[in-house]
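Let's take a walk through this one together. Have the coordinates open and follow along.

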Amino acid sequence: MTEFTQQAQLGFGYLRVPMKDGKADPEASNALIDRFLEKGYTYFDTARGYMDEKSEEGLRECLVKRHPRESFRIADKLTIDYVASEADILPFFESQLEQVGVEYFDFYLIHTLMAKNYQKFLDIGAFEALKRLKAEGRVRHIGFSFHDTADLLEEILKNHPEMEFVQIQFNYEDFEDPAIQSRKLYEVCEAYGKPVIVMEPLKGGNLARLPEKAAKLLSALGGGSPASYGLRFAASFPNIKMILSGMTTLQDVDDNAAAISAGKPLTKAEFDAIGKVREILQAEQAVKCTACRYCVKGCPMNIPIPEIFSAYNTQKRYGGWNSRMYYSNSVRGKGRASACIGCGACEDICPQHLSIREHLAGAAEMFDQKKA
Ligand code: SF4
Ligand code: SF4
């Protein structure tokens, strides 16, 4: 794909900009967008559901009406919640063009593809529809955003070589996470020659607000803010071509742009420091599961224990983020936390000597509405 430069670029995730009276605050948004363009970046990411359905309209008012079309690129998405059948796709797509105020999208994605909705997207002919839109010149490039396992990603890429790029959740905290699988997803994309767009490089902004001990480790390196290390971590992987950030202040734009435009992959010392930061974050987790998976094989209820603990830890630590979605993905076709019969086979084998049954009861209360 020639749309992407060799070095990763910064993309503007238009989903958390300042709001006023239920709408994007035009003046604050104008200033953010103008500053972003001044920095030489051009990619804006939107979807119908963002900002209580005000994101597309906000881009129209603050970007499209104020800047020449050739000076920016827009990515929009086909979200399953808005289309029940094949006949709904074109009207929905046209409503998006109208809402954003453009005649074509530079990038158009099947949104949040995962096992739960893959068949539905197939049933309504979503992949075919995107191919047609591309052939008609109404979108320039087609791809999908993805939240599931590396195995499913591989299956999809095998079956749909027409997809040109993949958007994945990728950050240093999720790099080896058993549920999110950032590293494995990246490796599948690389193997299939698909450029990667990164979402959540700072895990919903959380890696910009590190615990003091972790923040000190990074500031001792003298290379920039915690956020800049998160962005540069992603930019250090050669097949990552776009890094989306939900910027809400001019300082965010300046800081993020400086981190990416420097074009400096992390040094070995910086990678090592990030590794230590990850250890600090892991040590603060509610369940110190190392995802060794020894417990999984012998569970008579086929409970994906490490994946459940990953979602549980994220929910405990960061609250209402996307852990419920990862929990649902992980237990699909397997045992939920509440399915544990308390046999204890897992605890006999766990090298961390975790009270797995007790933690699963907590997860069941959190995710399955079952009281511990
Ligand atoms: S105690 Fe629960 S999680 Fe552990 S092996 Fe038995 S059923 Fe599976
Ligand atoms: S055996 Fe213990 S540490 Fe290993 S995955 Fe299972 S719960 Fe986690």
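Start with ligand 1: sorted by class, its shell holds 10 nonpolar, 2 polar and 1 charged residues. Keep in mind that you're looking at a predicted model. There are 13 residues around ligand 1, and the ones that come nearest are Cys299, Cys340, Cys343, Gly344 and Cys346. Cysteine counts as nonpolar in this scheme, so the cysteines in that list go into the nonpolar class.

Now swing over to ligand 2. Around ligand 2 there are 13 residues, with Cys289, Cys292, Arg293, Cys295 and Cys350 coming nearest. The class breakdown for ligand 2 reads 10 nonpolar, 2 polar and 1 charged.

Next, the aromatic rings. How many aromatic pairs does the count come to? It comes to 25. Take Phe36 and Tyr41: their ring centres are 5.9 Å apart and their planes meet at 35°, so this pair is classed as tilted. Both Phe36 and Tyr41 are buried. Phe107 and Phe165 make an edge-to-face pair, with 5.5 Å from centre to centre and 85° between the planes. This pair links distant parts of the chain, since Phe107 belongs to strand 6 (residues 105–113) and Phe165 to strand 8 (residues 165–169), 58 residues apart. Phe107 is buried, at a relative accessible area of 0%, and Phe165 is buried with a value of 0% too. For a bigger group of rings, look at Phe170, Tyr172, Phe175, Tyr186, Phe233, Phe237 and Phe271, which ring pairs link into a cluster.

Tyr104 is worth a stop as well. The charged end of Arg69 sits over the Tyr104 ring, 4.0 Å from its centre. Arg140 lies over the face of Tyr104 too, at 3.8 Å from the ring centre.

Finally, a word on the backbone. Most residues other than glycine have a negative phi. Gln181 goes the other way, with a positive phi near 60°. You'll find Gln181 in the loop between strand 8 and helix 7 (182–191). Is Gln181 buried or exposed? Its relative accessibility is 11%, under the 20% cut-off, so Gln181 counts as buried.

His353 isn't a glycine either, yet its phi is positive, at about 55°. Look for His353 in the loop between helix 14 (345–349) and helix 15 (356–367). With a relative accessible area of 69%, over the 50% cut-off, His353 is exposed. So the two positive-phi residues part ways here: Gln181 is buried, whereas His353 is exposed.

Terms used. Residues are numbered from 1 along each chain as its sequence is written. Chains are lettered from A and ligands numbered from 1 in the order in which they are written. This is a predicted model: local features need pLDDT of at least 70, side-chain atom pairs count only at pLDDT 80 or more; totals for chains, interfaces and linings use all residues. Side-chain values use heavy atoms; hydrogens and water are left out. A residue is near a molecule or strand if one of its heavy atoms lies within 4 Å of it. Rings of Phe, Tyr and Trp (its six-membered ring) pair if their centres lie within 6.5 Å; planes under 30 degrees apart count as stacked, over 60 as edge-to-face and the rest as tilted. Buried means under 20% relative accessible area, exposed over 50%, partly exposed in between (1.4 Å probe, protein chains only). Helices (H or I, at least four residues) and strands (E, at least two) are DSSP runs, numbered from the N terminus. A charge sits over a ring if NZ of Lys or CZ of Arg is within 6 Å of the ring centre and within 35 degrees of the ring normal.
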